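Subject: Structure handover

Hello,

Here is the structure we discussed, with the sequence. My notes on it follow below.

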Amino acid sequence: MDQDEASTTVDNTVTQFNTYEDFLDSQITTLDLYYLEDEGLARQLVELGYRGTGEVVRREDFEARKAAIEIARLAERTQKKTLTSAGKDLHDNFLKALAVREEDNRSGKVSLNQQEADAAHTFKKKLAESSAHRKSVIFIRDRNSHGQEVSGYIDYAHRLKTEDFEVYFSGKKRLLPRPTDMSFYNWDSHIAVWNSTPNYQVIADNPEGLLFKYKRDRKILNVDPKAQPGDNSTRSPILTELYTKVVIFDHISRRKT
């Protein structure tokens, strides 16, 4: 039996039985119990492959697959609880763009599809071999509540961890740069501030303009609209009715762990 057939056998067994003991019991016949007179011994013989009416399924394979299914189920449930954009009726392009990126920026890892998560061997392989992470940087230019024009770059993942985005996705507040963000500039007072975040190091003394270094893979993100954004990075201008200007930069780190 090849690996795919073995995986299919384990998947079918896990789906059919709640516990490994339930599976063992299903392989024991009335005749086995008559001659052995010991249910525990009968189970051991099935587990070792000496008795039984079907394919041999090892306990460790059964329990590993069962655990993988439970992890995927809990992760899906947690995701539904933590995604503040879930279930929102979003009309503006900017809020839609934030919603698309929310899961990846919360978890760090680029999302796997459900088919991959359902396959135990694929699920484990992805966890072991792939550590692709996506982090987004948001540029916003608009006027604040005092009518002052402000602009700046926001570490989306960091903001998600430090505040509740429910107010933004529900339309109660507008997302604006702050002096605590990666960069902040007030065009009226000419106050300029730069801050490194847990994800990005700010390089403000570059003669050609502001740069951000992603700490995980040390790749440079160039936010100059006349330049390429850098390796594994993309620049996406967003047409929005909520702000004067919005651009979202996405960086994917592919470094293996």
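Two strands are taken to pair if DSSP finds at least two bridges between them. By that rule strand 2 and strand 3 (residues 183–186) pair, since four bridges join them and they run antiparallel. One of these bridges puts G152 opposite F184 in strand 3. Please keep in mind that this is a predicted model.

Overall composition

The chain has 257 residues, of which 39% are buried. Its secondary structure comes to 10 helices and nine strands. Among contacts with a separation of 6 or more, 54% are between residues 24 or more positions apart. The exposed area of the chain is about 15200 Å², and carbon and sulfur atoms supply 49% of it.

Strand 2 and its neighbours

Strand 2 covers residues 149–155, and seven of its seven residues are buried, so the rest of the structure largely encloses it. E149, S151, Y153 and D155 point one way from the strand, while V150, G152 and I154 point the other way; residues of both sets are buried.

Besides strand 3, strand 2 pairs with strand 1 (residues 133–143), in the antiparallel sense and over seven bridges. V137 has D155 of strand 2 as its bridge partner. Strands 1 and 2 form a hairpin with five residues between them, and in the turn G147 has a positive phi of about 80 degrees.

Aromatic pairs

A pair of aromatic rings is described by the distance of the centres and the angle of the planes. The count of aromatic pairs comes to 10. In one of them, Y185 and W187 have ring centres 4.9 Å apart and planes at 85 degrees; planes over 60 degrees apart count as edge-to-face, so this pair is edge-to-face. Y185 is partly exposed, with a relative accessible area of 24%, and W187 is also partly exposed, at 35%.

Y200 and F212 form an edge-to-face pair as well, 6.4 Å centre to centre with 70 degrees between the planes. This pair links distant parts of the chain: Y200 is in strand 5 (residues 200–203) and F212 is in strand 6 (residues 211–214), 12 residues apart. Both Y200 and F212 are buried. Y200 and F212 also belong to a cluster linked by ring pairs, together with F139, Y153, Y214 and F249.

A charge over a ring

Where does R141 lie relative to W187? R141 lies over the face of the W187 ring, at 4.0 Å from the ring centre.

Regards

Notes. Residues are numbered from 1 along each chain as its sequence is written. This is a predicted model: local features need pLDDT of at least 70, side-chain atom pairs count only at pLDDT 80 or more; totals for chains, interfaces and linings use all residues. Side-chain values use heavy atoms; hydrogens and water are left out. Helices (H or I, at least four residues) and strands (E, at least two) are DSSP runs, numbered from the N terminus. Buried means under 20% relative accessible area, exposed over 50%, partly exposed in between (1.4 Å probe, protein chains only). Contact means heavy atoms within 4.5 Å. Accessible areas come from the Shrake-Rupley method with a 1.4 Å probe; for residues, only the protein chains shown count as cover. Rings of Phe, Tyr and Trp (its six-membered ring) pair if their centres lie within 6.5 Å; planes under 30 degrees apart count as stacked, over 60 as edge-to-face and the rest as tilted. A charge sits over a ring if NZ of Lys or CZ of Arg is within 6 Å of the ring centre and within 35 degrees of the ring normal.
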